[in-house]
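Student: Hey, got a few minutes to go through a model with me? I'd like to start with the overall picture and then get into the side chains.

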Amino acid sequence: PSRSGKLPLIRTMSPDKVLREQPPLKPMATSAVLPFDCSEIRVQPRTGKADYYELTWKPRHDGGAPVLEYVVKYRKAGESPGEWTTNTISGSQHKLTLTKLQPASLYEVEMAAKNCAGVGQPAMMTFRTGK
């Protein structure tokens with residue numbers, strides 16, 4: 001309260017207006033911030049066979065620390081999703097063949113790059129196997 005004993009007038013704003021009026025945040029150099037942004041990894045499957053799927057990707061090199069390895073998780077999607085199958089591959093490889101898949105099924109994939117600072121934000125995609 002002010003000296004007069006009255007409460008100050010507070011205007012409420014919608015969250016959208018508040019977000020628009022805030023200045024953009026500048027990235028801070030802390031140990032929690034990874035020097036390599038993995039969110040822009042492009043995952044491009046090459047085949048759509050019934051029992052395997054080949055993922056290929058082109059990592060974006062933005063001057064950050066080199067990728068040491070990729071962590072790729074995949075599972076059958078749907079009403080009762082399956083358990084994740086996890087593969088860890090060298091940072092120098094840019095493809096992985098997912099095997100022992102079920103025909104005509106939808107699968108989810110999560111992939112993240114790991115460097116000396118830790119694991120980056122995962123890239124996600126789905127694909128359907130052939131019949």
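Student: Among contacts between residues at least 6 apart in sequence, what percentage join residues at least 24 apart?

Tutor: It's 60% of them. Keep in mind that this is a predicted model.

Student: Okay. How many helices and strands are there?

Tutor: One helix and eight strands. Along the sequence the order reads α-β-β-β-β-β-β-β-β.

Student: And what share of the residues is buried?

Tutor: Of the 131 residues, 25% are buried. As for the surface, the protein exposes about 9,600 Å², with carbon and sulfur atoms supplying 53% of that.

Student: Let's go inside. Which residues touch the most other members of the largest nonpolar core?

Tutor: That core has 17 residues, and the ones with the most contacts to other members are L55, W57, Y70, L98, L101, V109 and F127. The elements giving two or more residues to it are β2 (53-58), β3 (69-76), β5 (95-98), β6 (106-115) and β8 (123-128).

Student: Which of those gives the largest share?

Tutor: β6, with four residues. For background, nonpolar side chains in soluble globular proteins tend to be buried together.

Student: Pick one core residue for me. What does L98 touch, leaving out residues up to four places away?

Tutor: Its partners are D51, Y52, Y53, L55, Y74, V109 and F127.

Student: Switching to rings: how many aromatic pairs does the structure hold?

Tutor: Three. One of them is Y53 with F127, a stacked pair at 3.6 Å centre to centre and 10 degrees between the planes. Y53 is in strand β2 and F127 in strand β8, so to speak a long-range link, with their positions 74 residues apart in the chain.

Student: Are those two buried or exposed?

Tutor: Both Y53 and F127 are buried. F127 also stacks with Y107, at 5.5 Å centre to centre and 15 degrees between the planes. That pair joins strand β6, where Y107 sits, to strand β8, where F127 sits, and the two are 20 residues apart.

Student: Why does Y107 count as buried?

Tutor: Because its relative accessibility is 5%, and the cut-off for buried is under 20%. F127 counts as buried too, because its value is 3%.

Student: Which residues form one aromatic cluster, then?

Tutor: Y53, Y107 and F127.

Student: What sits over the ring of W84?

Tutor: The charged end of K73, 4.8 Å from the ring centre.

Student: Different topic: polar contacts. Where does T129 lie?

Tutor: In the segment after β8. T129 counts as buried because its relative accessibility is 4%.

Student: And what does the side chain of T129 reach at 3.0 Å?

Tutor: The backbone nitrogen of A104. A polar atom of that T129 side chain also lies 2.6 Å from the backbone oxygen of Q102.

Student: Where is A104, by the way?

Tutor: In the loop between β5 and β6. Its backbone is worth a look: phi of A104 is near 50 degrees, a positive value in a residue other than glycine.

Student: Is A104 buried, partly exposed or exposed?

Tutor: Partly exposed, because its relative accessible area is 37%. K100 lies in the loop between β5 and β6 as well, and phi of K100 is near 60 degrees, again positive in a residue that isn't glycine.

Student: Why does K100 count as exposed?

Tutor: Because its relative accessible area is 81%, and exposed means over 50%.

Student: Back to D51, which came up with L98. Where is D51 found?

Tutor: In the loop between β1 (42-45) and β2. D51 is partly exposed, with a relative accessible area of 44%.

Student: What is D51 in contact with, leaving aside neighbours within four places?

Tutor: L98, T99, K100 and L101. The C-alpha atoms of D51 and K100 are separated by 5.5 Å, though the two residues are 49 apart along the chain.

Student: Great, I'll pull up D51 and its contacts with L98, T99, K100 and L101.

Tutor: Then have a look at the cluster of Y53, Y107 and F127 as well.

Conventions
Residues numbered from 1 in each chain as written. Predicted model: local features only at pLDDT ≥ 70, side-chain atom pairs only at ≥ 80, totals over all residues. Heavy atoms only, no water. Core = buried A, V, L, I, M, F, W, Y, C linked by side-chain atoms within 4.5 Å. Buried < 20%, exposed > 50% of the residue type's maximum accessible area, 1.4 Å probe, protein only. Contact = heavy atoms within 4.5 Å. Phe/Tyr/Trp six-rings, centres within 6.5 Å; stacked < 30°, edge-to-face > 60°. Lys NZ or Arg CZ within 6 Å of the ring centre and 35° of its normal. Polar contact = N/O pair within 3.5 Å; in protein donor to acceptor, adjacent residues only side chain to side chain. Areas by Shrake-Rupley, 256 points an atom, 1.4 Å probe, with all protein chains shown as cover.
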